[in-house]
Amino acid sequence: VQLQAYGGGLVHAGGSLKLSCAASGSRFLINVMRWYRLPPGQQRELVASITSDGHTNYYGSVQGRFTISRDNAKNTAYLQVDSLKPEDTAVYYCNADVFEESDARWHENWGPGTKVTVSS
């Protein structure tokens, strides 16, 4: 199962973006989906998570500005990022707990990131 994140770009401070993370493959189930980010010169940090039944959690300074959601029918998670600040500049990655029927095991899958740059 592959994850693909997209929707990043260059925005001015105060702007918004909507990031998407789509899972593709065959015969799988997804439990928790998460967004992480890797700011330049810093460590990767968890931003938000959402369970298959829609329970959400937010971490750090994004609370009140970022909104995570998902469409289970499309195997896609979204991250609406509003009121962007320069310190939100980072590569954003999606991550998911995936049950793959091919080996009947849970996997933690990662996708390539999408870059968000916020100018002041």
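1. Arg 44 over Tyr 36. In this predicted model, Arg 44 lies over the face of Tyr 36, at 5.3 Å from the ring centre. Tyr 36 itself counts as buried, at 15% relative accessibility. Tyr 36 is part of strand β4, which spans residues 28–38.

2. The ring partner of Tyr 36. The structure holds two aromatic pairs. In one of them, the rings of Tyr 36 and Trp 110 have their centres 4.8 Å apart. Their planes stand at 45°, so the pair is tilted. The definition puts tilted between the stacked limit of 30 degrees and the edge-to-face limit of 60. Trp 110 lies in strand β10 (residues 105–110) and Tyr 36 in β4, so the pair ties together parts that are 74 residues apart in sequence. What is the exposure of Trp 110? Trp 110 is partly exposed, with a relative accessible area of 34%, whereas Tyr 36 is buried.

3. A second charge over a ring. Lys 18 lies over the face of Tyr 78. The distance from the ring centre is 4.7 Å. Tyr 78 also comes up in point 7, through Ser 20.

4. Strand β9 and its partners. Strand β9 covers residues 90–100. Eight of its eleven residues are buried, so the strand is largely enclosed by the rest of the structure. Which strands pair with β9? β4 runs antiparallel to β9, and nine bridges join the two. Here Ile 30 stands opposite Val 98. β10 also pairs with β9 in the antiparallel sense, over six bridges. Phe 99 stands opposite Trp 106 in that pairing with β10. Strand β11 (residues 114–119) pairs with β9 over three bridges, again antiparallel. Ala 90 stands opposite Val 116 in β11.

5. The β9–β10 turn. The hairpin of β9 and β10 has four residues between the strands. Check the backbone at Ala 104, which takes a positive phi near 55°.

6. The disulfide. How many disulfides does the structure hold? There is one. Cys 21 is joined to Cys 94, with S to S at 2.2 Å. The torsion about the S-S bond is about 70°, so the disulfide is right-handed. Cys 21 lies in strand β3 and Cys 94 in strand β9, so the link ties together parts that are 73 residues apart in sequence. Are the two cysteines buried or exposed? Cys 21 is buried, with a relative accessible area of 0%. Cys 94 counts as buried too, at 1% relative accessibility.

7. Ser 20. Ser 20 lies in strand β3. Its relative accessible area is 9%, and Ser 20 is buried. Ser 20 and Tyr 78 are 58 residues apart in sequence. In space they are 4.5 Å apart, C-alpha to C-alpha. Not counting residues up to four places away in sequence, Ser 20 touches Gln 4, Ala 5, Tyr 6, Trp 35, Thr 76, Ala 77 and Tyr 78.

8. The nonpolar core. In soluble globular proteins, nonpolar side chains tend to be buried together. The largest nonpolar core here has 28 residues. Which members touch the most others? They are Trp 35, Phe 66, Leu 79 and Tyr 92. Several strands supply at least two residues each, including β1 (2–6), β5 (45–50), β7 (66–71) and β8 (76–81). β3, β4, β9 and β11 do so as well. The largest share, five residues, comes from β9.

9. Phe 66 in detail. Leaving aside neighbours within four places in sequence, Phe 66 is in contact with ten residues listed here: Arg 37, Val 47, Tyr 58, Leu 79, Gln 80, Val 81, Asp 82, Leu 84, Asp 88 and Tyr 92. Leu 79 and Tyr 92 are, like Phe 66, among the core members that touch the most others.

10. Asp 97. Asp 97 lies in strand β9. Is this acidic residue buried or exposed? Asp 97 is buried, with a relative accessible area of 18%. The cut-off matters for this reading, because buried means under 20%. Neighbours within four places in sequence aside, Asp 97 is in contact with Leu 29, Ile 30, Asn 31, Val 32, Arg 34, Trp 106, His 107 and Glu 108.

Notes: Residues numbered from 1 in each chain as written. Predicted model: local features only at pLDDT ≥ 70, side-chain atom pairs only at ≥ 80, totals over all residues. Heavy atoms only, no water. Phe/Tyr/Trp six-rings, centres within 6.5 Å; stacked < 30°, edge-to-face > 60°. Buried < 20%, exposed > 50% of the residue type's maximum accessible area, 1.4 Å probe, protein only. Lys NZ or Arg CZ within 6 Å of the ring centre and 35° of its normal. Pairing = 2+ DSSP bridges. Core = buried A, V, L, I, M, F, W, Y, C linked by side-chain atoms within 4.5 Å. Contact = heavy atoms within 4.5 Å. Disulfide = S-S within 2.5 Å.
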